[in-house]
Amino acid sequence: MAKSNFDVKELLSKMTLQEKIGQLIQLNAVFFGQTTAEITGPAERWKLATKEVYNMGSVLNFHGAEEMKRIQDDYMAKNRHGIPLVFMMDVIHGYKTIFPIPLALGASFDPELVKECTRMAAKEASAAGVQLTFTPMVDYARDARWGRVLETCGEDPMLNGIMGAAQVEAFQGDDISDHNNLATCVKHFAAYGGAEAGRDYNTVEISERLLREYYLPAYKACIDAGTKMVMPSFNSLNGVPSVANKWLMNDVLRKEWGFDGVVISDYNAVGELVKHGIAADMKEAAKLALEGGCDIEMMSISYYEHIPALIEEGIITEEQIDASVLKVLEFKKELGLFEDPYHGADEEKAAALCLSPEHREIVRRAAEQCAVLLKNNGVLPFSKDIKTIALIGPFADNNQIRGFWACDGKDEDCVTIADGIKALLPDVKVIVERGCSEKIDELDKSGFKAAVKAAKKADAVVLCLGEFQKYAGEGNSRIDIGLTGVQQELANEVLAVNDNASVVLFNGRPLALVELDEKAPAILDMFFPGTEGGNAVARLLFGDANPCGKVTMSFPKAVGQCPIYYNHPMTGRPKTKPENEHQGYASSYIGCGNLPLYPFGHGLSYSNFVYESLELDTDTLMADGEINVKITVKNDSNVAGKEVVQLYMRDLVASTVRPIQSLIGFEKIDLAAGETKTVTFKVTEPMLRFYDANCNFISEPGEFTISTGHADNLLLTKSFVLK
Ligand code: BGC
């Protein structure tokens, strides 16, 4: 794409102060394109006169190319300099054709799949008028109570970074002015996922060492991948909300990491500095956010109202404001908006792309590859030689399976399990009995009788359970993370009458499923799979697709174990008794084991993967050397499948307490029936570094172990010494 020669500095020199500040404000689409002189709604509340709206620099949340063009045309005609607006939106797991939620995408352990889905979303969204997406969200998360774990890739910092960077690369391509690309904004910087007790927006108090080791690497990976924008998090971090956190925003982000792009606040986060009680009023809020280096204020207007006075009083300088405005104008120029303010948006193009057969095929494949087979006693895959199948439970014919951040995706475009099975097996009789609701406070059991009756006479039963899609996502923390309502009771009654049964789960977070795990012969977790969910379920249940996803966030046995994560530090009193026994004066619970029900990395397949050997070519690693690790895996079955080979490391003695395992590599491989493959990894000294007590990023000589195998039972371990 040709880049504009437009001189943004010259433009800046012609702008009044108020016009400049306007470029630093982002408002919802409802503020724009008003035809009456008098603006109603929020604009009226903020006393924004019509002409002032035409100073504002960017828009969020609008609907499609037509609206975008209407707003842009109207705005550019009325803005004194004809400066284009930039249009932003949350394109998180698809624009219209929806792929699985990020927590599920993580489970694919497949960055190429993530890129394929992202490219698809970029094309749809860009044709529909979106120019920047507030993605990737790479908040490291350990507490399943937090509803926004749905948007993360879970509890491993390396995996989060790889998946986040893959999204940045795939959305932005080489050139954000290309009409098939979008700019990205990494969020929520930093440690939003550390919310105390998993309650959204709650305070975060963590040491710098913990922050640097677990929380920061994924944001850094996205910045290194070239993301154009950063969004500070809502939460206070060690006492200071991120948008006003000078250490975080200036020292770490800008000075240490060299980020020179645009920083945008989260929704009304500048205004919320007053609610946090660190600003007395909006004027002070504006001052604090500016000092924290926040360029654009989203959905509050403290900058617009108070910057002139702050300059007059000598608290901030106009040069500071100019620097932010220049960045915003440069960003618009880089998007090519001064040449094509629509950035190629085109209703017809969008209509042809959205929900096209090609895009549906991509998201169906993604849903298959993100699904995790949590348990299988051999009942799956079901035989296709059945006459009757009973689909029981609130998700049996429920199209609310797209997940919280589905952008323009609609429930009615989603394929239900019933639709999927009917399409795959047109000759099989499909009986649907919801039995009960998936809502927390809907406890009606009157549907149980019909459900049990259907289960009794069916050749196979699918229990379609989970949590209501609005229970996970922003603002939706849960106190109890079991199955909601009376679903477990329904499962108990149904499973008592038919053994040829499998559970299919829909969920935006790890759930506590001990009882279900005890009773169900098989559990297939789809998370929220998106538009093609039902077709993917059908193919997985009947063996046309082979599950290959792996859990990326531990499933606790009980909510009281949260936060629970595989890469936890050793304690001085580790438990030595069997998992289910309490051990006094050891790190242990009364009434529950320490281990999760399904750990990070767990996921079954219809193939049988056997880890045959783990070999290191040397047992000594020199600081500038490397160890070649060879892992041999055999598919000891007659079913082709994919396996995620995982490489873990442990530092046995170090000056700070180290995690019991850390993932340092993975590779997803295809194995034909009976095939054996050897995967190689290189281990080098930088992979062994950690933050010492003074936050120096170092490695220390000594003994390490390398392990691989099935996650819940790392079968093969070898040790080596770092000299
Ligand atoms: C969320 C962000 C999102 C923004 C704009 C906020 O409430 O925290 O993740 O990007 O809204 O929609």
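What follows leads from the ligand and its surroundings to the enclosed and open spaces of this predicted model.

The ligand is a convenient place to begin. Around the ligand stand Leu60, Asp90, Phe134, Arg148, Lys187, His188, Met231, Phe234, Asp266, Tyr267, Met298 and Glu474, and by class this shell consists of six nonpolar, one polar and five charged residues. Several of the charged members place polar side-chain atoms at short listed distances from ligand oxygen: for Asp90 the separation between a polar side-chain atom and an oxygen atom of the ligand is 2.5 Å, for Arg148 an N or O atom of the side chain is 2.8 Å from a ligand oxygen, and for Glu474 the corresponding distance is 2.9 Å. Taken on its own, the ligand has 310 Å² of accessible area, of which the protein covers 94%.

From the ligand the reader can turn to the enclosed space. Rolling a probe the size of a water molecule over the atoms reveals where empty space remains. The structure contains one cavity of 30 Å³ or more, and the largest cavity has a volume of about 60 Å³. Its lining is made up of Ile92, Pro102, Leu105, Phe134, Thr135, Pro136, Met137, Glu151 and Gln167, which divide into six nonpolar, two polar and one charged. Phe134 links this part of the account to the previous one, since Phe134 is listed among the residues around the ligand and also lines the largest cavity.

The open spaces come next. The largest pocket, with a volume of about 1000 Å³, is lined by 34 residues, and those nearest its centre are Tyr566, His568, Asn594, Leu595 and Ile660. Strand 20 (641–651) and strand 26 (713–722) are the elements that contribute two or more residues to this lining, whose composition by class is 19 nonpolar, 10 polar and five charged residues.

The second largest pocket has a volume of about 870 Å³, and of the 33 residues that line it, Met158, Glu213, Pro217, Arg689 and Phe697 are the closest to its centre. Two or more lining residues come from each of helix 8 (157–172), helix 9 (208–224), strand 20, strand 21 (662–671) and strand 23 (690–691), and helix 9 gives the most, with nine residues. By class, the lining of the second largest pocket holds 20 nonpolar, three polar and 10 charged residues. Strand 20 thus connects the two pockets in this description, as an element that gives two or more residues to the lining of the largest pocket and to that of the second largest pocket.

Notes: Residues are numbered from 1 along each chain as its sequence is written. This is a predicted model: local features need pLDDT of at least 70, side-chain atom pairs count only at pLDDT 80 or more; totals for chains, interfaces and linings use all residues. Side-chain values use heavy atoms; hydrogens and water are left out. A residue is near a molecule or strand if one of its heavy atoms lies within 4 Å of it. A polar contact is a pair of N or O atoms within 3.5 Å; within protein, one must be able to donate a hydrogen and the other to accept it, and residues adjacent in sequence count only if both atoms are side-chain atoms. Accessible areas come from the Shrake-Rupley method with a 1.4 Å probe; for residues, only the protein chains shown count as cover. Ala, Val, Leu, Ile, Met, Phe, Trp, Tyr, Cys and Pro count as nonpolar, Asp, Glu, Lys and Arg as charged, and the others, Gly among them, as polar. On a 1 Å grid over the protein atoms alone, a cavity is a set of points where a 1.4 Å probe fits but cannot get out, and a pocket is an open set with protein on both sides within 12 Å along at least five of seven lines; lining residues have an atom within 4 Å of a point. Grid points are joined across faces, edges and corners, and a volume is the space filled by probe spheres set on the points. Helices (H or I, at least four residues) and strands (E, at least two) are DSSP runs, numbered from the N terminus.
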